[in-house]
Every structure is written in C-alpha cells, then in structure tokens.
Amino acid sequence: MPVLSVVIPRLKTNQLKWSFTGAFEARQSLIVRGLFPMLADPRHPAESTSTTNESVLKVALDHGKASGVIKSHDRVVVCQKVGDSSVVKIIELDD
C-alpha cells in the first residue's frame, strides 16, 4: 500500500536570515519504496492543534487524490501526533 508522508517544516531565524527545516527529511524518505513524501506549507504551525491537523490532513488528502494515490471511497489510515500522544484513525473518503 502506498504511504503519503507529510512533513511540516519549522521556520527558524538567526536575526539575519530565515530558514526552514523539513526539506531534508522529506527528501531522505524518497529512498523508501512506496513512501510519497509531501512538504506541507511552512505557514502551518508545527505545534499540534486540531485546526492545524485538520487543515494539513485536508491538504494531504487533496494531494493524494491529485496524484492518483487516493481514489474516491478509499479507506485511509491516518497516523498523527496530537499533543503528546499519537492518534491512529481510519477515515473513508466520501467523494
């Protein structure tokens, strides 16, 4: 089964320039067969809130549909970190 991996970059600054981490991690996961990395929008805060999680999940599902990895009425297993705990949920796509 294909796995879509979403990496949320963290913005950093040293007073002179801005940079973000996460591109290396996403690129590194290209070596694993069946793993499709996706770099999320850096404007999403890296802290886990329910609004951020749902927003990133929607973007990831849309990306999966556009790339053909996910189709209508597929069941998708979502593993995400919420606060200090990990959550696994199974969702079925409507359209």
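Is D62 buried, partly exposed or exposed? D62 is partly exposed, with a relative accessible area of 35%; here buried means under 20% relative accessible area, exposed over 50% and partly exposed in between, with a 1.4 Å probe and protein chains only. The model you are looking at is predicted, so local features need pLDDT of at least 70 and side-chain atom pairs count only at pLDDT 80 or more, while totals for chains, interfaces and linings use all residues. Residues are numbered from 1 along each chain as its sequence is written, and side-chain values use heavy atoms, with hydrogens and water left out.

**Overall layout**

- The chain has two helices and six strands, where helices (H or I, at least four residues) and strands (E, at least two) are DSSP runs numbered from the N terminus.
- Starting at the N terminus, you will meet the elements in the order β-β-β-α-β-α-β-β.
- The chain has 95 residues, and 22% of them count as buried.
- Of the contacts between residues at least 6 apart in sequence, 45% join residues at least 24 apart; a contact means heavy atoms within 4.5 Å.
- About 7200 Å² of the chain is exposed, and carbon and sulfur atoms supply 57% of that area. Accessible areas come from the Shrake-Rupley method with a 1.4 Å probe, and for residues only the protein chains shown count as cover.

**Salt bridges**

- The structure holds three salt bridges, each defined as a side-chain nitrogen of Lys or Arg within 4 Å of a carboxyl oxygen of Asp or Glu.
- One of them joins the side chains of K89 and E54, at 3.4 Å from N to O. This pair links distant parts of the chain, with K89 in strand β6 (residues 85-92) and E54 in helix α2 (residues 50-67), 35 residues apart.
- Both partners of that pair are partly exposed: K89 has a relative accessible area of 27%, and E54 has 43%.
- D62, from the opening question, forms a salt bridge with K58, and their closest N and O atoms are 3.0 Å apart. K58 and D62 both lie in helix α2, four residues apart, which is about one turn of the helix.
- K58 is exposed, at 51% relative accessible area.
- R75 and E92 form a salt bridge as well, with the closest N and O atoms 3.8 Å apart. R75 sits in strand β5 (residues 75-82) and E92 in strand β6, so the pair ties together parts that are 17 residues apart in sequence.
- R75 counts as exposed at 65% relative accessibility, whereas E92 counts as partly exposed at 44%.

**The β5-β6 hairpin**

- Strands β5 and β6 pair in the antiparallel sense over eight bridges; two strands pair if DSSP finds at least two bridges between them.
- Within this pairing, R75 stands opposite E92 in β6.
- The hairpin has two residues between its strands, and G83 takes a positive phi near 65 degrees there.

**Nonpolar core and surface patch**

- L57, L61, I70, V76, V78 and L93 are the six residues of the largest nonpolar core. Such a core is a set of buried Ala, Val, Leu, Ile, Met, Phe, Trp, Tyr and Cys residues joined through side-chain atoms within 4.5 Å.
- Helix α2 and strand β5 each supply at least two residues of this core.
- Leaving aside neighbours within four places in sequence, V76 is in contact with L61, I70, K89, I90, I91 and L93.
- On the surface, L11, W18, F20 and L39 form a nonpolar patch with about 450 Å² of accessible area together. Patches are made of residues with over 30% relative accessible area and no salt bridge, with like charges joined within 9 Å and nonpolar side chains (Val, Leu, Ile, Met, Phe, Trp, Tyr) within 5 Å.
- L11, one of the patch residues, lies in strand β2 (residues 10-13).

**Loops and backbone angles**

- Q15 has a positive phi, near 75 degrees, and is a residue other than glycine. Q15 lies in the loop between β2 and β3 (18-21) and counts as exposed at 75% relative accessibility.
- H73 is not a glycine either, yet has a positive phi of about 65 degrees. You will find H73 in the loop between α2 and β5, where H73 counts as exposed at 53% relative accessibility.
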